[in-house]
Amino acid sequence: MPTTAAAIDSAVDAKPTQRRLADAERTDLSELVDTDRYPLHDVDDSRLQAEIARVREDLDREGCAVLRGFLRPEALEQARNEGRELSAKSYYASRRVNAWFTSDDESLPESDPRRHFMERTSGFVTRDMIPADAVIQQLYVSPAMKRLVAECLQEDEVYEYADPFAGLVQNVLPPGTEQPWHYDTNEYIVTMMTDIPDSGGEFQYCPNIRTPAGENYDGVGAVIRGEDTTTPRTLLLRPGDLQLFKGRYSLHRVTRVSGERERHTAIFAYSQQPGVVGRLERTRQLYGRVSEAHIEAEKRREERADGLLD
């Protein structure tokens, strides 16, 4: 998609936005967000309510919704430049994983999708490495952003993660890397691409292919093995779009990135309860390190209520 990437580059105004620090009390995001289209300062505004209603419908039907052109062009330019600087801090890990990030179980038949392992190589910049004046950090902590997410998900309130590494991360996919079919451990995720590759790096997903009632191993296996090419859907995402996605029930992947440019995506993780800290082993796999907070949280960990594999 070289032409698409070039078009996006040329459309972005180089005018810098005013530098601010992340502020959990700040409700005015007009310098960053297209508040003419998304008036976050007034949750009762008819324009915002119409967008929220559409997002809710899309989430119910597809498990996925997009707020197009969420960032102002100058804020997107700033976020993209910041992302390119942050990329040098990425932790990269390559390993073979199945869709559930579980170990191989030789008691299962070889055809079982839990025994289908795929190469996963990607990079992450953790929250503790993202400056307080970065665009994505300003967005993540804003009460206006949290209120928007809560309204779209029909929650009374959402909370930042207590996890010192996760909550806010930048995902980095250099050329030649991909994220194979997998599920998220949390029920939903909010993301925003800030830099697009020359080609590849497409987001594909299978809406609600599993439910709390069951894993649907036959259906999932057909997708993973490439036998079912009709269930997966491809979503065209552009830098500056805000995506809400129910990734715990919808199998998804990012196809292999090609060309010279990296694919950068900000991941804003919120939860329905305060104090959430990521799982110890998954944190080690993704970020290459753990903290005392992860060790202590693991001691208090309870089984997932829905009974699904992670």
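## Long-range packing in a predicted 310-residue chain

In the protein chain, 84% of the contacts between residues at least 6 apart in sequence join residues at least 24 apart, where contact means heavy atoms within 4.5 Å. The structure is a predicted model, in which local features need pLDDT of at least 70 and side-chain atom pairs count only at pLDDT 80 or more, while totals for chains, interfaces and linings use all residues. Residues are numbered from 1 along each chain as its sequence is written, and side-chain values use heavy atoms, with hydrogens and water left out.

**Overall form**

The protein chain has eight helices and 15 strands; helices (H or I, at least four residues) and strands (E, at least two) are DSSP runs, numbered from the N terminus. Its radius of gyration of 19 Å agrees with the value near 19 Å for a compact globule of 310 residues. That radius is taken over C-alpha atoms, and the globule rule is 2.2 Å times the number of residues to the power 0.38. Along the principal axes, the C-alpha atoms fill a box of roughly 60 × 45 × 40 Å.

Buried residues make up 54% of the 310 residues. Buried means under 20% relative accessible area, exposed over 50%, and partly exposed in between (1.4 Å probe, protein chains only). The chain exposes about 13900 Å², of which carbon and sulfur atoms supply 47%; accessible areas come from the Shrake-Rupley method with a 1.4 Å probe, and for residues only the protein chains shown count as cover.

**The annotated domain**

UniProt lists residues 163-274 as "domain: Fe2OG dioxygenase" in an unreviewed entry. UniProt positions are given in the numbering used here, feature names are shortened, and annotations may be inferred rather than shown by experiment. Over residues 163-274 the chain is 7% helix and 39% strand, with the end C-alpha atoms 10 Å apart.

**Two strand residues**

Leu-251 lies in strand β12 (residues 251-254) and is buried, with a relative accessible area of 0%. Beyond residues up to four places away in sequence, Leu-251 touches several residues, among them Ala-99, Trp-181, Tyr-205 and Ile-224. Leu-251 and Asp-184 are 67 residues apart in sequence, and their C-alpha atoms are 8.5 Å apart.

Tyr-92, in strand β2, is partly exposed at 37% relative accessible area. With neighbours within four places in sequence left aside, the contacts of Tyr-92 include Ser-122, Val-172 and Glu-262. Pro-174 is another residue in contact with Tyr-92; the two are 82 residues apart in sequence and 10.0 Å apart in space, C-alpha to C-alpha.

**Helix α7**

Six of the eight residues of helix α7 (residues 280-287) are buried, so the helix is largely enclosed by the rest of the structure. The buried residues are Leu-280, Arg-282, Thr-283, Gln-285, Leu-286 and Tyr-287. They pack against β2 (91-97), β3 (118-125), β5 (168-173) and α8 (292-299).

**Positive phi angles**

The table lists residues with positive phi.

| Residue | Phi | Place |
|---|---|---|
| Phe-101 | near 60° | loop between β2 and β3 |
| Asn-216 | near 55° | loop between β9 (203-206) and α6 (217-224) |
| Gly-288 | about 80° | just after α7 |

Phe-101 is a residue other than glycine and is buried, with a relative accessible area of 14%. Asn-216, likewise a residue other than glycine, counts as partly exposed at 36% relative accessibility.
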